[in-house]
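These are my notebook entries on a single chain. I set down what I looked up, entry by entry.

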Amino acid sequence: MKRAVVLRIQGRQSYDGQEPDVIELVTEGTMDFTAGGWDISYEESELTGMDGVTTTFRVEPGKVTLRRTGKLRSEMVFQEGTRHESLYQLEFGALLMAVTARQVFFDIVPDGGMIDLTYNVEIENSAAGLVEYHLDIRAK
């Protein structure tokens, strides 16, 4: 059963040679339990620079998958210690992206929960930086 939720998203992106980029976003979304896992979705906005994009976190035993659809398309799979490659499809073309999860932790129940991800990013086979995400999910 799909539930309305409030998501508090905190992100920190550290790219080589640059000051860390820190974001915090509070938005409404949905949470649904299907096929043995949780889908947590929300619509991006102009604030995130990704207006017209839907972001979904698929939480399953042992992994979290981040999918973006709409104006850009991507799928990143997070499993601790495992490198996953995918195409990051933008309006002007595609980039080869790889993520290697250092930490994948989640605690999801029907009323909400949390997701913590820490991962290294490579773009076109070059190290790009470290990303840390914390999602707090609460039923409305």
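**Entry 1: strand S3 and its partners**

I began with strand S3 (residues 37–43) and found it mostly covered, with 5 of its 7 residues buried. I note here that the model is a predicted one.

I then looked up the strands on either side. Strand S2 (residues 21–34) is joined to S3 by 6 bridges, and the two run antiparallel. Within this pairing, Met31 has Ile40 of S3 as its bridge partner, and Phe33 stands opposite Trp38 in S3. The connection between S2 and S3 is a hairpin with 2 residues between the strands. In that turn, I recorded a positive phi of about 45° for Ala35.

S3 also pairs with S4, again in the antiparallel sense and over 6 bridges. The bridge partner of Tyr42 in S4 is Thr55.

**Entry 2: the whole sheet**

I next asked in what order the strands of the sheet are arranged. I read the order as S6-S5-S4-S3-S2-S1-S10-S9-S8-S7, an open sheet of 10 strands with antiparallel pairing. S6 and strand S7 (83–90) are the edge strands, each pairing on one side only. From one strand to the next, the twist averages 30°. As a reminder to myself, strands of a sheet pair through backbone hydrogen bonds.

**Entry 3: Arg58**

I turned to Arg58, which is placed in strand S4 (residues 53–60). Is this residue buried or exposed? Its relative accessible area is 9%, so I entered Arg58 as buried, the limit being under 20%.

I then looked up what the side chain of Arg58 reaches. The backbone oxygen of Thr34 is at 2.9 Å from the side chain of Arg58. A polar atom of the Arg58 side chain also lies 3.1 Å from the backbone oxygen of Ala35, the residue I had noted in the hairpin turn. Leaving aside neighbours within four places in sequence, the contacts of Arg58 include Gly36, Gly37, Trp38 and Asp39, as well as Lys63, Val64, Thr65 and Arg67.

**Entry 4: the nonpolar core**

I looked up which residues touch the most other members of the largest nonpolar core. That core has 32 residues, and the answer is Ile40, Phe57, Phe78, Ile115 and Leu117. I followed Ile40 further. Not counting residues up to four places away in sequence, Ile40 touches Leu7, Thr30, Met31, Thr55, Thr56, Phe57, Val59, Ile108, Ile115 and Ile137. Met31 in this list is also the bridge partner of Ile40.

**Entry 5: aromatic pairs**

My search of the whole structure gave 3 aromatic pairs. In one of them, the ring centres of Phe78 and Tyr119 are 4.5 Å apart and the planes stand at 45°, so I classed the pair as tilted. Phe78 belongs to strand S6 (residues 74–78) and Tyr119 to strand S9 (residues 112–123); the pair links distant parts of the chain, 41 residues apart. I found Phe78 buried at 0% relative accessibility, and Tyr119 buried at 4%.

Tyr119 also pairs with Tyr133, and this pair is stacked, at 6.5 Å centre to centre with 25° between the planes. Because Tyr119 lies in strand S9 and Tyr133 in strand S10 (residues 126–139), the pair ties together parts that are 14 residues apart in sequence. Tyr133 counts as buried at 11% relative accessibility. I closed the entry by noting that ring pairs link Phe78, Tyr119 and Tyr133 into a cluster.

Technical notes:
Residues are numbered from 1 along each chain as its sequence is written. This is a predicted model: local features need pLDDT of at least 70, side-chain atom pairs count only at pLDDT 80 or more; totals for chains, interfaces and linings use all residues. Side-chain values use heavy atoms; hydrogens and water are left out. Helices (H or I, at least four residues) and strands (E, at least two) are DSSP runs, numbered from the N terminus. Buried means under 20% relative accessible area, exposed over 50%, partly exposed in between (1.4 Å probe, protein chains only). A polar contact is a pair of N or O atoms within 3.5 Å; within protein, one must be able to donate a hydrogen and the other to accept it, and residues adjacent in sequence count only if both atoms are side-chain atoms. Contact means heavy atoms within 4.5 Å. Rings of Phe, Tyr and Trp (its six-membered ring) pair if their centres lie within 6.5 Å; planes under 30 degrees apart count as stacked, over 60 as edge-to-face and the rest as tilted. A nonpolar core is a set of buried Ala, Val, Leu, Ile, Met, Phe, Trp, Tyr and Cys residues joined through side-chain atoms within 4.5 Å. Two strands pair if DSSP finds at least two bridges between them. Axes are lines fitted to C-alpha atoms, for helices over the stretch in contact, and angles run from 0 to 180 degrees between N-to-C directions.
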